[in-house]
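The following paragraphs lead through one protein model, from its overall contact pattern to its helix packing and its nonpolar cores.

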Amino acid sequence: MSYKVTSLEKLTKLQPTIENVKRIAPKTSDLARNFSDFVPLENINTDNIIQYTDSTGYSTYTFKIIGDENSINFENFHLLETDEGFIGYILSYEPDEDWYYSESNFTPEGDWVFNIATYQGYLTKYSLEREVIWSSNPNMQNPIANRNQSITYNRASFTICTIFVISTCSNIYSGNPYGYAHPMGPNCEGPYGFMDVETCTTYSGGGSSGGNNGGSSGDNDDDCDTTGTRIVQDLPLDGIDSGCTPNDNTGILPPVEETEEDLDHCEKLLALNLTDSLSVNIVPYIDSLRTKTSLDKEYSISFQKKYNYGEFYSLPDPVGIREGQTTTSSSIRIGSTWFGQAHTHPDGTHYMFSWNDINKLNMMYKGLNDFFDKNEVFMMIVNHDGTVYALKINNANALNTEVTNDLFNAEGNSLNEKVINLNLEIQNEFEEDEFNLEHIFLKRFEDFGLAIYKAANNSLSNWNKLELNPNLLGPNVIEIPCN
Ligand SMILES: [Zn+2]
């Protein structure tokens with residue numbers, strides 16, 4: 001059994017199906033609402049997909065449909081693997097506001113999570129053509145009891161249950177002394193796991209809702225039938241149908257507010273200094289890099305995460321500091337456990353990140369396994385003028401989008417040529433105003449979802465966040481100290 005967050009890029013077999021699903025338009029005949037009420041299926045987010053595979057080897061896939069950012073309502077698109085293809089449907093959540101912001105949705109670590117186990121609110125199941133399959137909202141048409149389906153429900157009352165698979169956290173400390181598993185939030189430090197949460201809703205006669213506690217599609221516990229849009233050979237078929245889905249557990253992707261403030265960049269940069277056995281103890285490595293900025297090569301060292309006996313470790317590359325090829329290139333390790341790198345910018349180079357530094361930061365972020373805390377990803381430069389800068393990621397999607405756009409638009413016949421040209425372009429900008437590199441950097445990469453910090457001292461015991469000054473008066477870059 002496995003629960004993982006993946007992307008369509010990796011799920012090549014699903015790609016033709018998703019292309020076809022994105023083209024499905026709402027059907028006119030069966031609508032209680034206007035077309036414009038519906039978020040089109042072309043808004044499926046293909047970057048974060050929950051894939052759950054059970055012991056039978058069948059997978060279910062959960063996608064977020066990107067809707068109104070300011071609404072607490074949200075929708076998931078589900079694909080359940082069958083013997084002949086898939087069953088697809090949409091679950092539309094209208095959470096009760098009091099419940100949404102209630103304590104039950106906060107983890108002991110203080111993260112807001114969507115706790116389906118206590119869900120209060122309406123839930124509506126649609127086919128991919130937006131026909132209502134059932135709804136717990138009494139204001140919606142609720143045709144399930146009237147529909148002449150292969151599944152028949154007692155009109156007086158029926159119960160619909162679904163099993164959701166959610167990722168869990170069971171770390172033991174003050175807020176959770178016995179290590180109870182609870183939904184995982186960003187601050188969970190493991191151990192990680194996943195568990196099934198079954199939610200059921202009983203509908204009383206006449207189509208009215210018998211309770212507000214969720215419920216879903218699990219009408220297949222006994223007969224393995226799930227209703228939805230049948231997809232055969234990548235092609236969605238018209239109408240509401242049913243199919244045997246041996247694994248009908250689905251994940252859930254709630255709205256996540258992307259705030260830049262709770263990423264704790266300062267805390268994570270300062271934690272690199274820690275000298276205990278679980279930490280990187282970065283200062284001696286930075287000091288060592290400082291001694292190499294007068295040499296005619298770039299030098300670098302990478303940093304790695306490890307997980308062992310329930311604990312996370314951060315450690316430097318056992319190989320240590322490595323000599324690069326030229327004054328502007330050195331090695332970086334990219335892969336599932338590598339989360340940081342520091343390198344020199346020696347005499348004769350610019351004391352600021354290059355375009356390729358940002359490119360590599362993006363690659364490092366994407367390479368690091370989701371199992372680890374991706375907010376720990378960093379890149380540092382140790383400059384010939386004594387300054388040390390650190391780069392952190394506020395918004396990984398923005399970073400990836402901008403890097404990809406730059407590469408797409410850059411001149412050059414190969415990736416390598418494009419990177420060279422993008423590096424030259426920013427170097428030319430730096431050369432035009434040698435004493436304003438911070439400002440040039442902030443302007444050039446304003447939309448890249450990055451945060452840049454400058455070490456306040458040699459011991460790295462404090463950092464200053466650099467930002468463009470929003471006021472016309474004063475310096476063009478302002479420094480905001482971590483502490
Ligand atoms: Zn560099």
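In this predicted model, 63% of the contacts with a separation of 6 or more link residues that are 24 or more positions apart. The secondary structure consists of 8 helices and 22 strands. Of the 483 residues in the protein, 35% are buried.

One pair of helices may be examined in detail. Helix H5 spans residues 355–367 and helix H7 spans residues 415–432; their axes come within 8 Å and cross at roughly 130°. An angle from 65 to 115 degrees would count as roughly perpendicular and one over 145 as roughly antiparallel; H5 and H7 are therefore oblique to each other. On the H5 side, the contact is formed by Trp 355, Asn 356 and Asn 359, which meet Val 419, Leu 422, Asn 423 and Ile 426 of H7. By class, this contact comprises 4 nonpolar and 3 polar residues, with no charged residues.

Attention now turns to the interior. In soluble globular proteins, nonpolar side chains tend to be buried together. Here the largest nonpolar core has 47 residues, and Met 380, Tyr 389, Ala 390 and Leu 391 have the most contacts inside it. Tyr 389 illustrates the surroundings of one such residue: when its neighbours within four places in sequence are left aside, Tyr 389 is in contact with Phe 353, Met 380, Ile 381, Ile 452, Tyr 453 and Lys 454. A second core, separate from this one, has 38 residues, among them Leu 41, Tyr 93, Val 113 and Ile 133.

Notes: Residues are numbered from 1 along each chain as its sequence is written. This is a predicted model: local features need pLDDT of at least 70, side-chain atom pairs count only at pLDDT 80 or more; totals for chains, interfaces and linings use all residues. Helices (H or I, at least four residues) and strands (E, at least two) are DSSP runs, numbered from the N terminus. A residue is buried if 20 or more other C-beta atoms lie within 10 Å of its own, exposed if 12 or fewer, and partly exposed in between; C-beta atoms are placed from the backbone. Two residues are in contact if their C-beta atoms, placed from the backbone, lie within 7 Å. Axes are lines fitted to C-alpha atoms, for helices over the stretch in contact, and angles run from 0 to 180 degrees between N-to-C directions. Angles under 35 degrees count as roughly parallel, over 145 as roughly antiparallel, 65 to 115 as roughly perpendicular and the rest as oblique. Ala, Val, Leu, Ile, Met, Phe, Trp, Tyr, Cys and Pro count as nonpolar, Asp, Glu, Lys and Arg as charged, and the others, Gly among them, as polar. A nonpolar core is a set of buried Ala, Val, Leu, Ile, Met, Phe, Trp, Tyr and Cys residues joined through C-beta atoms within 7 Å.
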